[in-house]
Structures are given as structure tokens and as C-alpha cells.
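Got the model open in your viewer? Let's walk through it one selection at a time.

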Protein chains: 2
Amino acid sequence: MAAMPEINAERLLKDINHLAQIGAGADGAIYRIAGNDADMAARDWIDKTMRVSGLHSYYDATGNVFARRLNTPGPWLLIGSHSDTVPAAGHLDGAYGVIAAMEVLRTLHELDHPMADHLESVAWFDEEGVMEGSGGGLTGSTALTQNPHAEDLFAYIELHVEQGPRMERDGLDLAPVTGIVGVRRYSVTAQGQANHAGTTPFDMRQDAGRVASRVAAELKNICQEADPASIGNAGVISFDPAAANVVPGAARVELEIRAGKNEALDAIERALTDFLSLVANEEECTAKLECTSAKPAAVFDERVYGMVEEVCRRRTDKCAPLLSYAGHDASVISTRLPTAMLFVPSTGGFSHSNREHTADGHLVLGAQALLDAVVRTGELMLPRLLSNELVAA
Amino acid sequence: MAAMPEINAERLLKDINHLAQIGAGADGAIYRIAGNDADMAARDWIDKTMRVSGLHSYYDATGNVFARRLNTPGPWLLIGSHSDTVPAAGHLDGAYGVIAAMEVLRTLHELDHPMADHLESVAWFDEEGVMEGSGGGLTGSTALTQNPHAEDLFAYIELHVEQGPRMERDGLDLAPVTGIVGVRRYSVTAQGQANHAGTTPFDMRQDAGRVASRVAAELKNICQEADPASIGNAGVISFDPAAANVVPGAARVELEIRAGKNEALDAIERALTDFLSLVANEEECTAKLECTSAKPAAVFDERVYGMVEEVCRRRTDKCAPLLSYAGHDASVISTRLPTAMLFVPSTGGFSHSNREHTADGHLVLGAQALLDAVVRTGELMLPRLLSNELVAA
């Protein structure tokens, strides 16, 4: 393999800082909600920056901003992330992957590298789903999966900050991402009989509050037994009536589970159903487990993942595969295109917060690994695609 | 022992039904909040009824309504209960004990029984503590304990409906009451760190919600291990922030414990403190157990309790001692006078509800047992009191 081109680290960091000013509040946090003035200014800046670099930049009908070389026939490898944020966000979630993709494309373009003709960058619209009327986010990437342009693309690679503490804990510099957890949310409701907490003996109660507490307390064990890599959270709980001296007659818990495979989510759901049924029976209540939303797990393409892993290992031995516990545009795109991701560490694991931070060294390393992955993927996947095209022609 | 005088069962039931009309809402429930028009009308009716019966009826400065024979020198045995209600109450809580006391006094008065000169009935003001400005209820009985009139009284016996399901479950007709549980309320607060429920692994969380759920779920075991006759209730719980995908950073539980002895309450509190400390440590949170109110347990006077038990057993073999899990005026009075109580069953255990009900047969039996207890207590306690008085004179 020939020596890899090197990204322009100075320009990368300057551009990250520039984008961080667009939509920044007095608190230093970013307010670039999809569709607001700051979000539109950010996408215009991306568009203009790529044009100034001599590239063909364009908006699609959804509001995604794409850039590639002028007059290239494709197929293209797509790289990028999203430019919108949650309210009071950090400056790296999404933005880092967008700027890195811009940097990789510009570097290869400036060097007139063979992959420059087969690379497109994207800034996805409305990943976060905070915008009024958003159907849960991932708007721009979902639109692409139904757009004919997807046929001109042969793979997707997304670079992102981890948004969690695992890499820092394990001392990792880079992590090829094996897939994205599926997420299921549930509403647990229990119905018993409200009663005087003094005069009703334990064995004559129908205490819906105990059903809710026991399920919330057991969730961790249920997840860990079904799949040690899975996680769960009981985030909301309430009793009704809510009084210290009244046995709760009704109770509610909202919880979610995340796992890397849909089979694991199924197993957790079964165990949860069984436990709820057991507890409701013991507490002489009725109870219901209702799935309120379900996002399937994404297992990334073996070939593209393999190339990302290979280039990461070449850059650092502080590298290990990771499952993504947060959702990403890559999850949607993986239903349409061979897809993979790579992560750099998040200091302290903070995200969706102005405490979000990644060391400059890691930001540069991640963008360089993205370039490496682009070149390697081109080397391995393009020849066959181009010869097929010749055959077809 | 001579044959006991018999109460006027017809008058008893008629008066219970009459008082049930005062403050009745369209839903059939009673709204006789201390100090409202219905409560004042009820006490005026009690006052008038006793006057019409030829008795000396009077209000004290607090609003308690007392009645006794005219021109008797005392000492007096006090019997009664409270005439106020919670909102949407049943017609027996308090009212039954008041009417029964009126009936017993009138019966003995009409028969010119020797105990008629040494008996006083009372309708306590504001037991329930619903009245605006009430310091938690028991207002009238608490005032009496600081009133010189208490010096003229030699014992207190209160008849009440059980307000719980134990007697019905065990097939009991009458229950002499050994004492009243002490009640302690606690606020449990846990402080952790709110975090992304997807990206934060279980072993890196400080999940305050788990602390709260685990304490709520464990309370029953803690109570039962410390004292099988104790009970507890986790009635209120909340997580903050409350979102399915956010690890709770703070959480709160309000709970209460009830036991017949203060030592048992102490033991439960210690076990609760230990468990909370263990759980907070395991979940890497800080937690605090704060006692927000404490009512000590009342253990009734052995002699008066013994006489109540004796007369109950003479009336029925479906009779067993019971601990009261609800608070009563007798609890306060027991700090000043030798005190005991007796219960009749509550159908279905309902109370503070328009479903409150006790069979007529049990209402009559209870009032008769109260008369029996009055006569027996007089026989056993009065001679010494009167001879002491002679000695003192």
C-alpha cells in the first residue's frame, strides 16, 4: 500500500472551531436546531466553503448538503455526518464528522488523488429530531434511502465522537464501530387497589407501586443475564395516588433497552415480560408491558467494517471494536448502503452538553483514519465496480 | 357480676343514620370537615340531643362537646370519639364512637345506674386534621391533655370501626385494642449523575433512580424482618430528570412505617438506614434518609385494656386482641389518662370512603360492649378512687 495522503490538521481544527461559533449561546453551548437560523447559516457556510474549494456543492430537496468534484460520473463513496444539534449541545456531535468529511474530500481533491473523483461529502439535515414536526429525527438520511441518488453511491462511512466514556476508560484512540444498538422503549403500567397504608396488611394489598419499583430495580439484572453487552434504563416512574400513607393503586414506569442484535432485544423483552407477570402475580395486580417505540439494531457491513478496522489498527494499537449505544445516520443508511463508522474518544463521556470535548490529537487522528478508510475502500471496492460499469457499457 | 343494662339498639342505629345526613354530599359520602357548617351543625345536634335527654351538655374552649349528668361531682370515666370527617368520608369513622358513647350515657342515666354519675361522653373536635390551619389533627383531644378538666377524669375508652380488613378476614366480632401503632414518615433522597442512557455503561453510572427503586422494593422485607406485625408503605416516588433515555441523576421516595412499639420503629429505621447506605454505595450515589414526622406508638393501659378484653370475651368468642394501625384520639389521651379502645369490623376494610360499612349487628354489639366496659371499669376502679377522695377530704 502506498503512503497515505495526510489531511490538513490545522484547517480541520480551524473549521471545527468556526462551525462551533454558528449557533453558540452565551453559555458556550450550541443551539443549532434543524431548520433554525443558525442551522441554515451552518449549512450555507458548509456549501460556500466547498464551493470556494472548487468543488460542486449542492442541496438536495430535503436540505442535506452534498459536495463532490465537478463533472465526475461516480460511483461515489459517501462520508459525513449531521450539522444540526440538540439544544445546549456540544460542538462535536455531528459537526466533527461533517468537517472531517469536508477535510478528507478537499485533501484528496487538492492532491488530485484517484479517490477524489469517487468521493462525496454530506451534512445530513435533522438527525436529532428536535425540530418541530420532525418524525423522530434522521430526516435527511432517511430521505436519501428513498432517493435515486443512493444508487450512485457504493458505501457510507461516518466518523463521530463516541458520546460515551468507554474509549476513555479503556485508553482507546480509535474504535471501528461494529454496529448500532437497537432501542426499544416500553411503558409498564400496573393496576392494583389504592388503600389505607396503615390499616391494610401487607398480605391484603394490591400494591401497584411495588410492581413498578421491583421492575425498575430488576431491569439491570434482566439485561445483563440476557446479553452482557446490552443496557437498559428505567428513567420515569410514578405512583397514583401519590401519598405516603396511601398504598399506590396504579403505577407506571418508562424504560428502554439497547442491544447490538435484535435477537438480544427479543430475549430481554421476553425476560421482562416474564418478570412483570411474576411480580404482578405476587403483588396481586394486573400489569401491562407496552412497546412504545422500536428501532432495530444495525449490524454494519463486514467488508466496509473490515477496512475501517484495518486502517484504525495501522494508525494505533490503542484500538478496539465498539458497539455504538447512541443512534446515528449510519443506522438508517446501513439499510441501503454498505456502511461502517469509526469513533474517537469523548473526554469524560459527555455529550449533548457544553462539556462535550475531544482532544485535538484525537480529532486529527480520527479525520486521518477516515481518509485512510476512504482510500482503502476505494482500492478494494472500486475496481470491480468500475469494470462492471465497463461491462455494462 | 350483676346482669348488664342493655343499650337501646333502635335509638343507636337511628342516631347513627341521623348524624350521617349532616354533611352528606350527593355522592352519599360525608363532608364534615372540622369547622365547616356541617361539622358545626353536627356538634349542635349532639349538644341538643344530650340536653333533650336531660343531661348537662357543654362545649369546651376548643370545640369539644362533653355531656354528663347534672350536678355530679366526678371523677368521671370518659367515652367518645370525634365528630369531624375527612372529605368524602364514610358515616362511621368517629361518628359511631360518638353516638355509641351518647347511647351508653343515656341508657345508664335512664336506668339511674350507679355509673351514670361517673360517666362523661365526648365528641372530639378536629381529629382528622383536614381543616385549614390544623396542626395535623387530634386538636380537641390534644387540648384536653393540657386542660385541668383531665384531672377529674379517671380513664378513657373509645369505640371505633376497625377501618381495615383484619377482623373480617379473621371472622372477629369484637377486638379489644392493645395499642396504636407509631408512625414515622421519611423522605429518601438520592443524588447521582444524570447521563445518556445509551452511551453510559451500567458500571459507569451513578443511577439515583436505582437507589430509589431498590429502597421502595425492599421496604416490605425490611419491615417484616424487623417486626412481623409492622407495616410500611412507599407511596411517592420520582426521578429527575424524568426521561426514558436519561439515567436519573436524582430521585426521591416518600415512605412511612408503622409498628406497635417505638423499639420496633427504631429497628426498622436502623435497617432502612443500613440498606440505603449499602445501595447508595453500590450505585455510587449519595443518599439521605430524613424523618419528616414521627408519632410515637401508644401502648394502652393494662388494667383498662384488661377490662375491655374481659367484657368483649363475655359477649363473643369471636374476639381477639388487635393493634390499631390507624391513629385515634385515644393515642393522645393515653399520654394523660389510662386508656383503651375496642373495634368492630369494617366490611371490606373500607374507610375514608363512602364504601365504609359495618353490619347493624356489629354496631349494636360494639355499643353494648362499650356499656359493659364502662360498668366493669366503674366496678373495679371507682371504689378506690372514691375512698381516696374521702381520705383526702
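Start with chain A and colour it by domain: the assignment puts 9-180 + 297-392 in domain 1 and 182-295 in domain 2. Keep in mind as you go that this is a predicted model.

Now drop a marker at the C-alpha centre of each domain of chain A; the distance between domain 1 and domain 2 comes to 38 Å. Next, pick out where the two meet: five residues of domain 1 of chain A contact 11 residues of domain 2 of chain A. On the domain 1 side of that contact you'll find three nonpolar residues, two polar ones and no charged ones.

Time to bring in chain B. Select the contact between the chains, and you get 46 residues from chain A and 46 residues from chain B. Which elements of chain A each supply at least two residues to its side? Highlight helix H5 (166-170), helix H6 (208-226), and strands E9 (231-240), E10 (246-247) and E11 (250-259) of chain A. Linger on E9(A), which gives the most, with eight residues. Then recolour chain A's side by class: 22 residues are nonpolar, 15 polar and nine charged.

For the last stop, superpose the chains. A turn of 180 degrees with a shift of 0.0 Å along the axis lays chain A on chain B, at an RMSD of 0.0 Å. So what you're looking at is the relation of a two-fold axis. Want to find that axis from chain A? Click A:Ser213, whose C-alpha is the nearest to it in that chain, 2.3 Å away. Both copies use the same surface here, as 100% of the contact residues of chain A recur in chain B.

Note on methods. Residues numbered from 1 in each chain as written. Chains lettered and ligands numbered in written order. Predicted model: local features only at pLDDT ≥ 70, side-chain atom pairs only at ≥ 80, totals over all residues. Domains from an automatic or database assignment. Contact = placed C-beta atoms within 7 Å. Nonpolar A, V, L, I, M, F, W, Y, C, P; charged D, E, K, R; others polar. Helix = DSSP H or I, 4+ residues; strand = E, 2+ residues; numbered from the N terminus. Least-squares fit on C-alpha atoms with pLDDT ≥ 70 in both.
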